[in-house]
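Read the following with the sequence and the model open side by side. The text takes a few sites in turn and says what surrounds each of them.

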Amino acid sequence: MDSVLQPMGEQRGDRIRIYTNVRLATMAAGMLGLGIVEDGAVAVEHGRIAYAGPASDLPQALIAKAETVDCEGRWMTPGLIDCHTHIVHAGNRAHEFELRLSGATYEEIALAGGGIVSSVSSLRAASEDALLAQSLPRLDALMAEGVTTVEVKSGYGLDVDNEIKSLRAARRLAETRKVTVSTTFLGAHALPPEATSKSAYIDYVIQAMLPAIAAQGLADAVDGFCEGIAFSTDEMRRVFEAAKSHGLPVKLHADQLSNLHGAALAAEFGALSADHLEYTDGDGARAMAASGTVAVVLPGAYYFIRETKKPPIDLFREAGVAMAVATDCNPGTSPLTSLLLTMNMGATLFGMTVEECLIGVTRNAATALGLQAETGTLEAGKWADLALWNIERPAELVYRMGFNPLHLRIWHGL
Ligand code: DI6
Ligand code: FE
């Protein structure tokens, strides 16, 4: 980053800051495409957007008490949102990567006691401070590319104390950095080694873990892994009913490796999102459209486990399902901490358009977290979560691989 915009320091008190000489991709739902405003201005007051639109319509009352920042013709987008991550984890699984390179599949490794369960051992052995320290570099990598909101799942603790430790570490990420963290309780991620049966473990998730986590306000949503190697739709239904009784919205890892009709189950519960979705069918897509459930596609996992079945992007388009794109950053199937590269994969591997990718890491990603009133577009009233880019056209954000054109990142006006 060059220093042009740095000396301004943090915005204080009643001062209004206006970003001028800027091209906006507002991502606003009411506008066509990316909601482009060529000669734009954005006014920020008390950490929120007071105005975003054509510079010519900027209210005089705002100009009078404002300091201005010349963006020198750069592009501004909303701060990016990574709406599906497991960045709070301990250790890594590079060894399993080597095994897979010699022919083992993800499912075979999981069934042989590796996979998620090996990350559970590492996480249980780590203190909350160590977990926080190990997770911060992953958060920093995301933030370096303009991410201002990140979802973080538990799911490597799999007992009351360790799930609480994970979610606390996730909350502490937000106290440590200028970023919004949305936490998700993923107790139904895998069967821990000490569990006697899946149904007994689901009882424990519902009766012991969820009440403790809900009581401490540690989770903003509840998720599960609905898959042959994880939990059935009937088991997930029980978890979702319990989540509802605690007033928590739900999400689901659905139809990743096979079609268990997880997307339809998520839709039935009005889930914020159903994620992965490689094996989702037309009925699942239509159910999601009817319930307003966002389809979160995760091309990093598809790429890393060399899946060949792509999520049915055409069915989502036809049915009118909102799509988001996320890293799924996790040690087993997507050790990926670049949302820019993820967009490139969404386009290259899944055939998503530039617009779908960019809206998928902003407006629709906010909706997948239930945060659409707070962030995800450049619109008055939302948090001033902004990213300023050294690019000539928005497509560059999707086109490049391994290059970061971020000039400035602003979270809540700071
Ligand atoms: N699906 C995934 O891709 C990750 N979790 C899930 O439910 C994988 C997590 C891991 O292998 O550690
Ligand atoms: Fe995941």
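Is D255 buried or exposed? This is a predicted model, and in it D255 has a relative accessibility of 1%, so it counts as buried. The cut-off for that word is 20%: a residue under this relative accessible area is called buried, and one over 50% is called exposed. D255 belongs to the loop that runs between β10 (251-254) and α9 (262-268). Its backbone has a positive phi of about 55°, although D255 is not a glycine.

The loop between β10 and α9 also holds H261. H261 is not a glycine either, yet its phi is positive, at about 65°. With a relative accessibility of 44%, H261 counts as partly exposed, because the value falls between the limits of 20% and 50%.

Next comes the ligand. Around ligand 1 there are 14 residues, and the closest are R93, Y106, Y156, H189 and T333. Which atoms come together at Y156 and ligand 1? An N or O atom in the side chain of Y156 is 2.6 Å from an oxygen atom of ligand 1. At H189, a polar side-chain atom lies 2.8 Å from a nitrogen atom of the ligand. The side chain of D328 has an N or O atom 3.3 Å from an oxygen atom of ligand 1. On its own, ligand 1 has 320 Å² of accessible area, and the protein covers 100% of it.

From Y156 the reader can move to L186, which is 30 residues away in sequence and 8.3 Å away in space, C-alpha to C-alpha. L186 lies in strand β8 (residues 180-188). Its relative accessible area is 0%, so L186 is buried. Leaving out residues up to four places away in sequence, L186 touches H86, K153, S154, G155, L158, E163, D223, G224, F225 and H253.

One of these contacts of L186 is D223, a residue of strand β9 (residues 221-226). D223 is buried too, with a relative accessible area of 1%. What does the side chain of D223 meet in a polar contact of 2.8 Å? The partner is the side chain of K153. A polar atom of the D223 side chain also lies 3.5 Å from the backbone nitrogen of L252. Beyond four places in sequence, the residues that D223 touches include T184, F185, A188, M236, K251 and H253.

The helices come next, beginning with α5. How does the span of helix α5 (residues 128-143) agree with what its 16 residues should give? At 1.5 Å a residue the expected span is 22 Å, and the end C-alpha atoms are 22 Å apart, so the two agree. There is nevertheless a kink of about 30° in α5, at L136, shortly before the proline P137. L136 is among the buried residues of the helix, together with L131, L132, S135, R138, L139, L142 and M143. The cover over the buried residues of α5 includes β6 (80-82), α4 (116-125), β7 (147-153), α6 (160-176), α13 (339-350) and β15 (406-410).

Helix α13, named in that cover, has 12 residues. From its first C-alpha to its last α13 reaches 15 Å, close to the 16 Å expected at 1.5 Å a residue. At the start of α13, a side-chain oxygen of S338 comes to within 3.5 Å of the backbone nitrogen of L340. The buried residues of α13 are L339, L340, T342, M343, N344, M345, G346 and F350. After α13 comes G351, whose phi is positive, near 75°.

The last site is W389, which has L340 among its contacts. W389 is in strand β14 (residues 386-389), and a relative accessible area of 0% makes it buried. Its side chain joins that of T77 in a polar contact of 2.9 Å. Apart from neighbours within four places in sequence, W389 is in contact with residues including R74, W75, L80, E145, G146, L397, N404, P405, L406 and H407. How far from W389 is E107? Between the two there are 40 Å in space, C-alpha to C-alpha, and they are 282 residues apart in sequence.

Definitions and conventions:
Residues numbered from 1 in each chain as written. Chains lettered and ligands numbered in written order. Predicted model: local features only at pLDDT ≥ 70, side-chain atom pairs only at ≥ 80, totals over all residues. Heavy atoms only, no water. Helix = DSSP H or I, 4+ residues; strand = E, 2+ residues; numbered from the N terminus. Buried < 20%, exposed > 50% of the residue type's maximum accessible area, 1.4 Å probe, protein only. Expected span 1.5 Å × (residues − 1). Bend = angle between axes of the 7 residues up to and from the residue. Contact = heavy atoms within 4.5 Å. Near = heavy atom within 4 Å. Polar contact = N/O pair within 3.5 Å; in protein donor to acceptor, adjacent residues only side chain to side chain. Areas by Shrake-Rupley, 256 points an atom, 1.4 Å probe, with all protein chains shown as cover.
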